[in-house]
Amino acid sequence: MGETYVIVGGGGAAASAAESLRGDGFGGRIVVLGDETEAPYERPPLSKTLLRGELEPASVVLRAPDFYEKNQIELLLKTPVLELDLSKRSVRCADGQDARFDKLLIATGASPRRLGIPGEQLCGVHYLRTLDAHLARRAKLLSHPRILVVGTGFIGCEVAASARQVGCEVTLAGPSLPMEHALGKEIAALYADRHIANGVSLRVGLTVTEFRGSRAVEAVRDSDGSELACDIAVVGVGVAPAIGWLGSHVVVSDGVDTDELCRTNVAGIFAAGDVACSWRPRLKRRVRLEHFDNSESQGAAAGRAMHGNTHRYDPIPFFWSDQYDVSLQYYGLARDWDRVVLRRRVGDESLIAFYLKDACVEAACTLNRSQDANVVKRLIGRSGVSDADLADDAKSLKSLIPASEYV
Ligand SMILES: Cc1cc2nc3c(=O)[nH]c(=O)nc-3n(C[C@H](O)[C@H](O)[C@H](O)COP(=O)(O)OP(=O)(O)OC[C@H]3O[C@@H](n4cnc5c(N)ncnc54)[C@H](O)[C@@H]3O)c2cc1C
């Protein structure tokens, strides 16, 4: 009998890791332990097409139903893992069973942060993460309730857009303009205009201190004591890595710390996806990303690393967001920047925003300009490109990259 590799978590990172282990020729046992009722699925549609009723749940599964059996991957659903026992090299499941491992992948993702305020347990107060909870919410949304979205981050903004698109009355409330923390004031202001133009009541500065209602939520209370009526509240105030089961041996900072080979401080234990805070040579720091693309590609890299592959994982980070008719694609990672240079096209609303620090392009986002993605990616990490050239849409982006590097 060969070795047993256990993967804890049933999301994209877990599925990709299992797939790449088999693809790389690992012949031992692969056991995936996930606490949800469905096989790994895509979460992004939960705030977009699925929420608007344009997709059915069956269409968001990440791998064909027979994939796991065909590849001899033991996928155990509804199996929460409660504890890691390093002395026995095993994990303890909620049903009391232990799963012994030779190598372990931590792929437990992240869970929504709670507001921790009175009334949070009322019916009609929702957090957005899982498919099973989604179905009830979607049915309610399609009956056009008044909906309050708490949080102006990506998920909150996408939910607000989707809810407006299906005809709900929507209030979007948060401490700052839409996605301002990640995209900066310039792009946030564009999104604010777009939400308002689509009929969203945007309440920047509204701080929900209480959900009120007898059984179901009927209103929220603001910090100034005023009340706002609603039939549904959706809370999107960020996520925290799901690490409660790990104990104290595996080093954790913003997530499970790993090197560029997805290895934790404990030999034979790896981490990938939303739960991992990984060393990125190109960024010269550890980062924890909450991006679908990262969960898939880092999961695959972790699988290869578990099988002994020493190719370091260091791609340019990428995510996207869809709201109304605006498709955003973001490359790189700018946590702070000196300036944002906008490249606009005359006659339409599409644009590219470049985020620069110390003359280096740290990140860029495109709004409805996915055709420029390849060349925009090549500008990430590049220093010395002039602001004027970046801004001038008459000048081809390709010309900003030395021909010798453009292969
Ligand atoms: C509504 C929504 C919209 C999104 N939209 C976008 C988007 O537009 N673009 C983008 O790039 N990204 C988007 N994301 C983020 C993206 O979905 C995540 O980055 C991705 O799902 C992370 O995958 P993961 O496998 O690391 O973690 P997860 O998908 O969180 O999977 C982890 C799994 O492990 C399970 N688990 C946790 N603890 C345990 C335990 N102790 N035992 C067993 N199982 C456990 C969890 O229940 C879950 O099934 C969105 C996320 C959400 C929620």
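Which of the 35 residues around the ligand come nearest? Keep this question in mind as you open the model, which is a predicted one.

**Exercise 1. Describe the surroundings of the ligand.**

Solution.

Step 1. Start with the shell. Asp-35, Glu-36, Arg-43, Lys-48 and Arg-129 come nearest among the 35 residues around the ligand.

Step 2. Sort the shell by class. It holds 15 nonpolar, twelve polar and eight charged residues.

Step 3. Look for polar pairs, using a cut-off of 3.5 Å between N or O atoms. The side chain of Lys-48 has a polar atom 2.6 Å from an oxygen atom of the ligand. For Arg-129, a side-chain N or O atom is likewise 2.6 Å from a ligand oxygen. Gly-12 takes part through its backbone, where a polar atom is 3.1 Å from an oxygen atom of the ligand.

Step 4. Check the cover. On its own, the ligand has 1,000 Å² of accessible area, and the protein covers 93% of that.

Step 5. Assign the shell to elements. Two or more shell residues come from each of helix H1 (12-23), helix H4 (154-165), helix H6 (292-306) and S22.

Step 6. Finish with the domains. Domain 1 (4-111 + 239-306) and domain 2 (125-235) each give at least three residues to the shell around the ligand.

**Exercise 2. Work out the order and edges of the five-stranded sheet.**

Solution.

Step 1. Trace the strands across the sheet. The order is S22-S23-S26-S25-S24, the pairing is antiparallel, and the sheet is open.

Step 2. Find the edges. Strand S22 (318-323) and strand S24 (339-344) each pair on one side only. From one strand to the next, the twist averages 20 degrees.

Step 3. Follow the pairing at S22. Six bridges connect S22 with strand S23 (residues 326-332) in the antiparallel sense. To see one of the pairs, find Phe-319, whose bridge partner in S23 is Tyr-330.

Step 4. Move to the other edge strand. S24 and strand S25 (residues 351-357) run antiparallel and are joined by six bridges. Here Arg-344 has Leu-351 of S25 as its bridge partner.

Step 5. Inspect the turn. The hairpin of S24 and S25 has six residues between the strands, and Gly-347 takes a positive phi near 95 degrees there.

**Exercise 3. Explain why two strands of the three-stranded sheet have a side without a neighbour.**

Solution.

Step 1. Recall the principle. Sheet strands pair through backbone hydrogen bonds, in a parallel or antiparallel way.

Step 2. Set out the order. This open sheet reads S4-S5-S6, with antiparallel pairing.

Step 3. Draw the conclusion. Strand S4 (81-85) and strand S6 (98-100) are at the edges with a single partner strand each, so each has one side left without a neighbour in the sheet. Neighbouring strands of this sheet are turned by 25 degrees against each other on average, direction ignored.

Step 4. Confirm one pairing. Strand S5 (residues 90-93) pairs with S6 over three bridges in the antiparallel sense. In the model, Ser-90 sits opposite Arg-100 of S6.

Conventions:
Residues numbered from 1 in each chain as written. Predicted model: local features only at pLDDT ≥ 70, side-chain atom pairs only at ≥ 80, totals over all residues. Heavy atoms only, no water. Pairing = 2+ DSSP bridges. Helix = DSSP H or I, 4+ residues; strand = E, 2+ residues; numbered from the N terminus. Axes fitted to C-alpha atoms, helices over the stretch in contact; angles between N-to-C directions. Near = heavy atom within 4 Å. Polar contact = N/O pair within 3.5 Å; in protein donor to acceptor, adjacent residues only side chain to side chain. Areas by Shrake-Rupley, 256 points an atom, 1.4 Å probe, with all protein chains shown as cover. Nonpolar A, V, L, I, M, F, W, Y, C, P; charged D, E, K, R; others polar. Domains from an automatic or database assignment.
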